[in-house]
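Here are my notes on the model you sent. Please read them with the structure open.

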Amino acid sequence: MRRILTLLALVCLCTGATGSQRLKVGLVLGGGGAKGAAEVGVLKSIEEAGIPIDYIAGTSIGSIIGGLYANGYRAATLDSLFRSQEWLDLLGDRKQRHRAKPIAKEEGVTYVFGYPVSRKKKHDNTSGPGVFHGDNIMEFLDSLIEFCDSTNFDSLAIPFRCVATDAKSRTEVVLDRGKLSQAMRASMAIPGAYKPVAIGPYVLYDGGLLNNLPVDVALEMGADVVIAIDLTQNKHETRDFDLREATGIGGLLNWVVSRPDLKKYNENVKRADVYINPQLKGYSATSFNGDKISEMIAIGEAAGKARLKTLKKLRKLIYKGVKPQHPL
């Protein structure tokens, strides 16, 4: 009898005093270009609090940080990666080896001081309007990922989803399989700046057009609680609007003014159990110079530390199997 009681006590210690199963945690990383550096800073506090991450959903720069995190990278390494990159060259497709040459040609591409200005038509997955093909960012992401072939994103170290927008149907597309670097590149394809990425039947642009803080995606993955890191600085209420009904210049302008994506955004903010919104006034999606990157990482660290007690409280609830009744 004593041996049975001892075994029961050990089971209780392993599963928690109540015997309840721990909650599944979703991490949501919003879009915002260079401001994504602040997300790296916040991640340090999430790690310090000891919170397990079971699912990740990201949009745009959040998909890049999220995809790398899902692939096994952690905050300290992401910090080093952010600080060490020549971001303007990386995002602008500039070839370092040609930067001192007025004109250079390589593999059918003509460069002016390293920047591609024309290329022979080739069969790749990027076509349509947009200044940049995103060759450098694809090469960079491929160099960081252990595998370059198609895979199910549930098989990553942490299951992952990223959000993009289909140019043809003007609807949200949640990518859950395929080539990881290609999916991340599609999610960050800002219209006008980057050519869209063709994946299967879709022609994909930046997911921030329709869902810049995909809390709903993390919940659909199976998350019981969600930690959302939001880079949005200006908050707005919107009226109902269907992007699929937008036609011509007038329709697109109507979309820009009404911003139907903000309706979902506002709903997703409310659904997060812990919402962290680093204050990045004065910084923009294009603030990619070294000093500003360092400053935004520090702002993210401060925002994370300000919520550290809350995160530790959430951790206790997670392991007790108790979902917060209200956002923390």
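**Notes on the predicted model**

1. **Strand S7 and its cover.** S7 spans residues 160-166 and is mostly covered, with seven of its seven residues buried. This is a predicted model. The side chains of S7 go two ways. Phe160, Cys162, Ala164 and Asp166 point to one side. Arg161, Val163 and Thr165 point to the other. Residues of both sets are buried, Asp166 and Arg161 among them.

2. **S7 beside S2.** Which sense does the pairing of S2 and S7 take? Strand S2, residues 55-59, pairs with S7 in the parallel sense. Four bridges make up that pairing. Thr59 has Val163 of S7 as its bridge partner.

3. **S7 beside S8.** Strand S8 covers residues 171-175 and pairs with S7 in the antiparallel sense, over five bridges. Ala164 has Val173 as its bridge partner in S8. Val163 stands opposite Val174 of S8. Val163 thus turns up again here, after its bridge to Thr59.

4. **S7 beside S11.** S11 is the strand of residues 202-206, and three bridges join it to S7. The two run antiparallel. Look at Asp166 here: Leu204 of S11 stands opposite.

5. **The S7-S8 hairpin.** Four residues lie between the two strands of this hairpin. Please check Arg170, which sits in the loop between S7 and S8. Its phi is positive, near 55 degrees, and Arg170 is not a glycine. Is Arg170 buried or exposed? Neither label fits: at 28% relative accessibility, Arg170 counts as partly exposed, because the buried class ends under 20% and the exposed class starts over 50%.

6. **A second positive phi.** Ser60 is not a glycine either, yet has a positive phi of about 55 degrees. Ser60 lies in the loop between S2 and H3. Ser60 has 7% relative accessibility and therefore counts as buried, the cut-off being under 20%. Arg170, by contrast, is partly exposed at 28%.

7. **Helix H7.** Which residues of H7 are buried? H7 runs over residues 180-187 and is mostly covered, with eight of its eight residues buried. The buried residues are Leu180, Ser181, Gln182, Ala183, Met184, Arg185, Ala186 and Ser187. An α-helix has 3.6 residues a turn, so residues three or four places apart point the same way. Bear that in mind when you inspect this helix.

8. **The cavity.** How many cavities of 30 Å³ or more are there? The count comes to one. The largest cavity has a volume of about 60 Å³. Its lining consists of Ile64, Ile65, Leu68, Leu78, Leu81, Phe82, Trp87 and Phe140. Helix H3 (61-70) and helix H4 (75-84) each supply at least two residues of that lining. By class, the lining has eight nonpolar residues, no polar and no charged.

9. **The nonpolar cores.** The largest nonpolar core has 69 residues. Leu43, Ile46, Ile51, Ile56, Leu78, Phe82 and Leu175 touch the most other members. Another core lies apart from it. That one has 16 residues, including Tyr55, Ala57, Tyr265 and Ala272. In soluble globular proteins, nonpolar side chains tend to be buried together. Two of the names in the large core's list, Leu78 and Phe82, also line the largest cavity.

10. **Ile51 in detail.** What does Ile51 contact, leaving aside its neighbours within four places in sequence? The partners are Val25, Ile46, Ile227, Leu311, Leu314, Arg315 and Ile318. One of them, Arg315, is charged.

11. **Gly92.** Gly92 is found in the loop between helix H5 (87-91) and strand S3 (104-106). Its relative accessible area is 5%, so Gly92 is buried. Gly92 and Gly134 are 42 residues apart in sequence. In space their C-alpha atoms are 7.3 Å apart.

12. **The whole protein.** The secondary structure comes to twelve helices and 13 strands. Of the 328 residues, 50% count as buried. Take the contacts between residues at least 6 apart in sequence: 72% of them join residues at least 24 apart.

Terms used:
Residues are numbered from 1 along each chain as its sequence is written. This is a predicted model: local features need pLDDT of at least 70, side-chain atom pairs count only at pLDDT 80 or more; totals for chains, interfaces and linings use all residues. Side-chain values use heavy atoms; hydrogens and water are left out. Buried means under 20% relative accessible area, exposed over 50%, partly exposed in between (1.4 Å probe, protein chains only). Two strands pair if DSSP finds at least two bridges between them. On a 1 Å grid over the protein atoms alone, a cavity is a set of points where a 1.4 Å probe fits but cannot get out, and a pocket is an open set with protein on both sides within 12 Å along at least five of seven lines; lining residues have an atom within 4 Å of a point. Grid points are joined across faces, edges and corners, and a volume is the space filled by probe spheres set on the points. A nonpolar core is a set of buried Ala, Val, Leu, Ile, Met, Phe, Trp, Tyr and Cys residues joined through side-chain atoms within 4.5 Å. Contact means heavy atoms within 4.5 Å.
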